[in-house]
Amino acid sequence: MASDAQAPTKTYRGNCHCGAFVYEATIPEIKSVMECGCSICFKKAYLLLFTPAATVNIVKGDLESLTTYQFANKKIDHMFCPKCGVAVIGKGDTPNGLLYALNARCIQGLDTAALTKIPAGGDKTEPQRVTPVYSGPNPSAQVEGSLDYYGSCHCGDVTFVMRSKKSTETMSAVARLLESLNYGVDWIYPELKEVVVQGGDSITNYNFSWGIINKSFCKKCGVLIGSKFRDLTQDEVDGLGEAAKAFYLRANNLQPVNLRALDNFTLDGLDIKIVDGTKFGRDYVEP
Ligand SMILES: [Zn+2]
Ligand SMILES: [Zn+2]
């Protein structure tokens with residue numbers, strides 16, 4: 001009888017963004033992934049595949065060098081790269097043995113947009129997470145008709161407020177998914193003065209390509225909060241290449257925020273534009 005175990009297999013290669021962790025998985029062809037609406041899966045934008053540990057061969061780095069985050073019943077290890085923050089793999093003990101949870105966003109050459117998404121869990125069924133309370137100052141921006149949106153990483157060490165004049169409807173115009181990167185971020189682009197982030201000591205910054213913009217994620221739980229341009233001196237700006245300099249001068253008044261880090265927020269109804277992130281910056285070579 002046909003079963004998954006007897007289906008023809010294929011070897012996939014997956015990695016975090018910086019390339020410190022790379023694995024190969026020999027598994028049946030990937031046609032569907034699990035997309036769960038619980039707080040951790042939503043904030044991490046996981047697209048998950050579960051597979052027995054024996055099907056995965058770690059070819060660079062090791063599980064011990066990844067940061068592990070657990071919550072609630074602590075049965076699942078949510079793992080991410082401490083350097084780039086990408087949630088590349090998870091694992092959990094089950095009655096059927098040790099399973100790895102591969103994040104399909106990290107698998108090379110896989111068109112995740114084309115995969116069937118199998119819904120699972122959701123915000124009502126997860127172990128309930130208490131929404132952290134933001135206690136920092138208000139943004140300095142004074143915009144008539146603005147709303148304050150609150151957000152946090154999953155563990156609550158990092159909280160923030162975003163003051164936006166945009167209603168959810170107009171917000172849709174600027175939400176973008178950089179599907180081609182490993183993070184699964186849905187971006188919005190408020191100005192610096194519209195955002196205040198608390199818990200800076202709990203943040204790791206990662207940059208790549210031109211090196212002018214940091215991706216900021218929580219050290220403990222790995223949730224990506226947003227991006228922030230580095231403070232460059234005039235000499236450093238002048239030393240940038242033409243394209244990088246133009247980008248910096250055009251956009252360094254912005255503080256991009258990951259919409260998935262907002263609390264009590266849904267992407268439902270947003271008109272999400274998928275932008276091919278590989279067209280920006282320097283070429284990215286998959287490890
Ligand atoms: Zn990495
Ligand atoms: Zn956190």
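User: Where in the chain does Ala20 lie, relative to S1 and S2?

Analyst: Ala20 sits in the loop between S1 and S2. One thing up front: this is a predicted model.

User: What makes Ala20 count as partly exposed?

Analyst: It's a neighbour count. Ala20 has 19 C-beta neighbours inside 10 Å. Buried needs 20 or more and exposed needs 12 or fewer, so Ala20 with its 19 counts as partly exposed.

User: Which residues does Ala20 touch, leaving out those up to four places away in sequence?

Analyst: Gly61, Cys81 and Lys83. Contact here is C-beta atoms within 7 Å. There's also a C-alpha separation for Ala20 and Lys60: 6.6 Å, with their positions 40 residues apart along the chain.

User: How do you know that S1 and S2 pair, and in which sense?

Analyst: Pairing takes at least two bridges. S1 and strand S2 (residues 22–28) have seven, in the antiparallel sense, so they qualify as a pair. As a landmark, Tyr12 stands opposite Ala25 in S2.

User: What is the strand order of the open sheet that holds S1 and S2, and which strands stand at its edges?

Analyst: The order is S1-S2-S5, with antiparallel pairing. Strand S1 (9–15) and strand S5 (56–60) are at the edges because each has a single partner strand, which leaves one side of each without a neighbour in the sheet. From one strand to the next, the twist averages 25 degrees.

User: What about the open sheet with S11, S12 and S15: what is its order, and what are its edge strands?

Analyst: That one runs S11-S12-S15, again with antiparallel pairing. Its edge strands are S11 (147–152) and S15 (195–198), each pairing on one side only. Here the twist averages 15 degrees from one strand to the next.

User: How many bridges does S12 make with S11, and how many with S15?

Analyst: S11 and S12 share six bridges, antiparallel, with Leu147 standing opposite Ser164 in S12. On the S15 side, strand S12 (residues 159–164) has four, also antiparallel, and Met162 has Val195 as its bridge partner in S15. The bar is at least two bridges, so both count as pairings.

User: Which residue in the turn of the S11 and S12 hairpin has a positive phi?

Analyst: Gly156, at about 95 degrees; the hairpin has six residues between its strands. The hairpin of S16 and S17 also has six residues between the strands, and there Ser209 takes a positive phi near 55 degrees. Strands S16 (residues 203–206) and S17 (residues 213–218) run antiparallel, joined by four bridges, and Tyr206 has Lys215 as its bridge partner in S17.

User: What is the phi of Ala45, and why is Ala45 called buried?

Analyst: Phi is near 60 degrees, a positive value in a residue other than glycine. Ala45 is in the loop between helix H1 (39–44) and strand S4 (48–52). Buried starts at 20 other C-beta atoms within 10 Å, and Ala45 has 23 of them, so buried it is.

User: Asn264 has a positive phi too; is Asn264 buried or exposed, and what makes it so?

Analyst: Exposed: it has 9 other C-beta atoms within 10 Å, and the limit is 12 or fewer, so Asn264 fits. Its phi is near 50 degrees, and its place is in the loop between strand S19 (257–258) and strand S20 (273–274).

User: What puts Ala114 in the exposed class?

Analyst: Just 7 other C-beta atoms within 10 Å, against a limit of 12, so Ala114 is exposed. You'll find Ala114 in the loop between strand S9 (97–103) and strand S10 (116–120). Its C-alpha is 8.8 Å from that of Ser32, 82 residues away along the chain.

User: Which residues touch the most other members of the largest nonpolar core?

Analyst: Cys81, Val86, Val88, Leu102, Cys153, Val223 and Ile225, out of 56 residues in that core. The core draws at least three residues from each of domain 1 (4–120) and domain 2 (147–279). Leaving aside neighbours within four places in sequence, Cys153 is in contact with Val158, Cys218, Cys221, Val223, Ile225 and Ala261.

Definitions and conventions: Residues are numbered from 1 along each chain as its sequence is written. Chains are lettered from A and ligands numbered from 1 in the order in which they are written. This is a predicted model: local features need pLDDT of at least 70, side-chain atom pairs count only at pLDDT 80 or more; totals for chains, interfaces and linings use all residues. Axes are lines fitted to C-alpha atoms, for helices over the stretch in contact, and angles run from 0 to 180 degrees between N-to-C directions. A nonpolar core is a set of buried Ala, Val, Leu, Ile, Met, Phe, Trp, Tyr and Cys residues joined through C-beta atoms within 7 Å. Domain bounds come from an automatic or database domain assignment. Two residues are in contact if their C-beta atoms, placed from the backbone, lie within 7 Å.
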